[in-house]
Amino acid sequence: MSTPRAEQLRATLAATRERIAGAASAADRAPEDVTLVVVTKFFPASDVRLLADLGVDHVGENRHQEAEAKAAECADLDLHWHFVGGLQTNKAAAVARYADVVESVDRADLLARLARGAQERDAALDVLLQVSLDPPGTEHRHGVAPDALAELAEQTVAHAALRLRGLMAVAPLGADPDEAFGRLAEIRAGFLTDHPEATRLSAGMSGDLEQAIRHGATHVRVGSAILGSRPPVK
Ligand SMILES: *Cc1c(COP(=O)(O)O)cnc(C)c1O
């Protein structure tokens, strides 16, 4: 029953939960206000199964084909699937058929397709809007520019099959995460005045979850600190 891999995941998961609890208490927040989403990309469905045994109930994936296959293999488990990766327009409807939450919505041309996928499975789809934290004036690689967020939010709530739940962001490579998530908190404050029920904030990964929790993250997306390092991308 208990394999070396299971023991390893038990230990890294416990260490991560401790980091989350420590960061929450340092920010005067309750640890249960922060949901751990374990990002399982590149790791097999067998790891997802072990994580579910260890009490994980939210998992994240960033590539459609891999996510679709893993969600199908783990369909018997009671898991919430978060899609957190860059979304190709022509894959959006397919992602909405297995994801419980799409966190990476960053442009209007995804919305009708996501809504169509959700309707096909006869359930409303939770969405987060991914905000770019790239410094103003630079190219926004992933995420909607903060000054275009309000319009994208309006376009999102116009779809009955989509439920706007909040925001997601990634600290830019090389940036100070404390500064980046501080800006995110300001953006979120403005957003919440228009959409007070969209209270989720998905921010923080293995390297910067403490800073994200300090600035209000309700969901952290942690991969390598739990599962180990991935093969290099690109
Ligand atoms: C891979 C990934 C993560 C997890 O990153 P780690 O540094 O391994 O914790 C979080 N968010 C997104 C969007 C990702 O693609």
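**Ligand contacts and the enclosed space**

User: In this predicted model, how far does a polar side-chain atom of Lys41 lie from an oxygen atom of the ligand?

Analyst: The model is a predicted one, and Lys41 belongs to the residues around the ligand. A pair of N or O atoms counts as a polar contact within 3.5 Å, and the distance from the polar side-chain atom of Lys41 to the ligand oxygen is 2.7 Å.

User: How much of the accessible area that the ligand has on its own does the protein cover?

Analyst: Taken on its own, the ligand has 380 Å² of accessible area. The share of this area that the protein covers is 88%.

User: Which residue has a side-chain N or O atom 2.9 Å from a nitrogen atom of the ligand?

Analyst: The residues around the ligand include both Arg221 and Arg230. The side chain of Arg230 places an N or O atom 2.7 Å from an oxygen atom of the ligand, whereas the contact to a ligand nitrogen atom, at 2.9 Å, is made by the side chain of Arg221.

User: Where does the ligand sit?

Analyst: The shell around the ligand is made up of 4 nonpolar, 4 polar and 3 charged residues, with Val39, Asn62 and Ser224 among them. The place in which the ligand sits is the largest pocket.

User: Which strand gives the largest share of the lining of the largest cavity?

Analyst: The largest cavity, with a volume of about 30 Å³, has a lining that includes Glu61, Trp81, His82 and Phe83. By class, this lining holds 5 nonpolar, 1 polar and 1 charged residues. The largest share, 3 residues, comes from residues 80–83, strand β3.

Definitions and conventions
Residues numbered from 1 in each chain as written. Predicted model: local features only at pLDDT ≥ 70, side-chain atom pairs only at ≥ 80, totals over all residues. Heavy atoms only, no water. Near = heavy atom within 4 Å. Polar contact = N/O pair within 3.5 Å; in protein donor to acceptor, adjacent residues only side chain to side chain. Areas by Shrake-Rupley, 256 points an atom, 1.4 Å probe, with all protein chains shown as cover. 1 Å grid on protein atoms, 1.4 Å probe; cavity = no way out; pocket = protein on both sides within 12 Å on 5 of 7 lines; lining within 4 Å. Sits in = over half its atoms within 2 Å of the grid points. Nonpolar A, V, L, I, M, F, W, Y, C, P; charged D, E, K, R; others polar. Points joined across faces, edges and corners; volume = space filled by probe spheres on them. Helix = DSSP H or I, 4+ residues; strand = E, 2+ residues; numbered from the N terminus.
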